[in-house]
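Subject: Structure for your review

Dear colleague,

I am handing over the structure we spoke about, together with my notes on it. Please look at the sequence and the coordinates first, and then read on for what was found.

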Amino acid sequence: QRATIERYFTPSASFTHPFCRTGSFEGSRWLIWCIYRWYKIMSPRIEISIDGVAYDEKNLTLYVNIHQEFRIWIIPFFNAPVSFVTVLKLVRHPPLPPQPAYSTPINPNEQNGSLRQTSSSEKPLYYIQSQNDLYQVNEFCKFFSQFGLLSALLLLWQFVSTALCVVGTTVLWPVSWVEQNVIGGNREKSILDAARG
């Protein structure tokens, strides 16, 4: 586990999760290893599946949609099936700068005047500079609620909030009309036109 983290994360990589954060500084990768190690101690067997991956090449950002079954060994029957998106910010490390096709060797043990062939076709390497695990609120609530009660209450609240949005829109639509047609400087419409949409 530690070897994998040291291989793919930069020494100053950061990790952000709803429950913990490392920040980014020289050596912060060690904190990431500690977090993953504690995660493994709490839940020695985690089932993970990748549901989708998207890569933003321009911004060197990888989006990974993950589903996992989290179980804590010390709590019988505890199971938290959660879905989340991990955002990985990458940094590009190109190989050594291209050298002439033939150059004097750097190794002093080699004979003077010997020539070595260099390759300019090496591919750049990409390392993880930051990992940000994004959970919907109802997803990370599953870590606290054994039988999904907290998630069910949150789901109910989300539907209530949607209903309140509908009520607010219906009652206060004149505010939106004033913002769009008076304050915003849009082409003025009649109230009847605004009501029609």
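To begin with the surface, Phe19, Phe144, Leu149, Leu150 and Leu153 form a nonpolar patch there, with about 520 Å² of accessible area together. Please bear in mind, here and below, that this is a predicted model. Within the patch, Leu150 is placed in helix α4, which covers residues 149–171, and with a relative accessibility of 36% Leu150 counts as partly exposed, since the partly exposed class lies between 20% and 50%.

As for the chain as a whole, the secondary structure comes to six helices and eight strands, and along the sequence these follow the pattern α-β-β-α-β-β-β-β-β-β-α-α-α-α. The protein chain has 197 residues, of which 23% count as buried, and about 14200 Å² of the chain is exposed, with carbon and sulfur atoms supplying 62% of that area. Among the contacts with a separation of 6 or more, 50% are between residues 24 or more positions apart.

Turning to the interior, the largest nonpolar core has 19 residues, and Phe9, Ile32, Phe70, Ala80, Val82 and Phe143 are those with the most contacts inside it. Two or more residues of this core are given by each of β1 (9–17), α2 (29–42), β4 (61–70), β5 (80–93) and β8 (125–135), and the largest share, five residues, comes from β5. For Val82, if residues up to four places away in sequence are not counted, the residues touched are Ile66, His67, Gln68, Tyr135, Glu139, Lys142 and Phe143.

Two of these residues, Glu139 and Lys142, also come up together in the search for salt bridges, which finds three in the whole structure. The side chains of Glu139 and Lys142 meet in one of them, at 3.3 Å from N to O. Glu139 lies in helix α3 (residues 137–140) and counts as buried, because its relative accessibility of 12% is under the 20% limit, whereas Lys142, at 21%, counts as partly exposed. Leaving aside neighbours within four places in sequence, Glu139 is in contact with Pro81, Val82 and Ser83, so that the contact with Val82 appears from both sides of the pair.

Another salt bridge joins the side chains of Glu6 and Arg2, with an N to O distance of 3.2 Å. These residues are four apart in helix α1 (residues 2–8), so about one helical turn separates them. Glu6 is partly exposed at 41% relative accessibility, and Arg2 is likewise partly exposed, with a relative accessible area of 37%.

What does the salt bridge between Arg71 and Glu47 tie together? The closest N and O atoms of Arg71 and Glu47 are 3.5 Å apart. Arg71 lies in the loop between β4 and β5, while Glu47 lies in strand β3 (residues 47–56), so this pair ties together parts that are 24 residues apart in sequence. Arg71 counts as partly exposed at 31% relative accessibility, and Glu47 counts as partly exposed at 37%.

Finally, a word on the cysteines. With the requirement that two cysteine sulfur atoms lie within 2.5 Å, the count of disulfides comes to zero. Cys20 is partly exposed, with a relative accessible area of 26%, whereas Cys141 is buried, with a relative accessible area of 11%. Cys20 is placed in strand β2 (residues 20–21), and, apart from neighbours within four places in sequence, Cys20 is in contact with Phe15 and Ile35. Between Cys20 and Ile32, which are twelve residues apart in sequence, the C-alpha to C-alpha distance is 10.0 Å.

With best regards

Note on methods: Residues are numbered from 1 along each chain as its sequence is written. This is a predicted model: local features need pLDDT of at least 70, side-chain atom pairs count only at pLDDT 80 or more; totals for chains, interfaces and linings use all residues. Side-chain values use heavy atoms; hydrogens and water are left out. Patches are made of residues with over 30% relative accessible area and no salt bridge: like charges are joined within 9 Å, nonpolar side chains (Val, Leu, Ile, Met, Phe, Trp, Tyr) within 5 Å. Accessible areas come from the Shrake-Rupley method with a 1.4 Å probe; for residues, only the protein chains shown count as cover. A salt bridge is a side-chain nitrogen of Lys or Arg within 4 Å of a carboxyl oxygen of Asp or Glu. Buried means under 20% relative accessible area, exposed over 50%, partly exposed in between (1.4 Å probe, protein chains only). A nonpolar core is a set of buried Ala, Val, Leu, Ile, Met, Phe, Trp, Tyr and Cys residues joined through side-chain atoms within 4.5 Å. Contact means heavy atoms within 4.5 Å.
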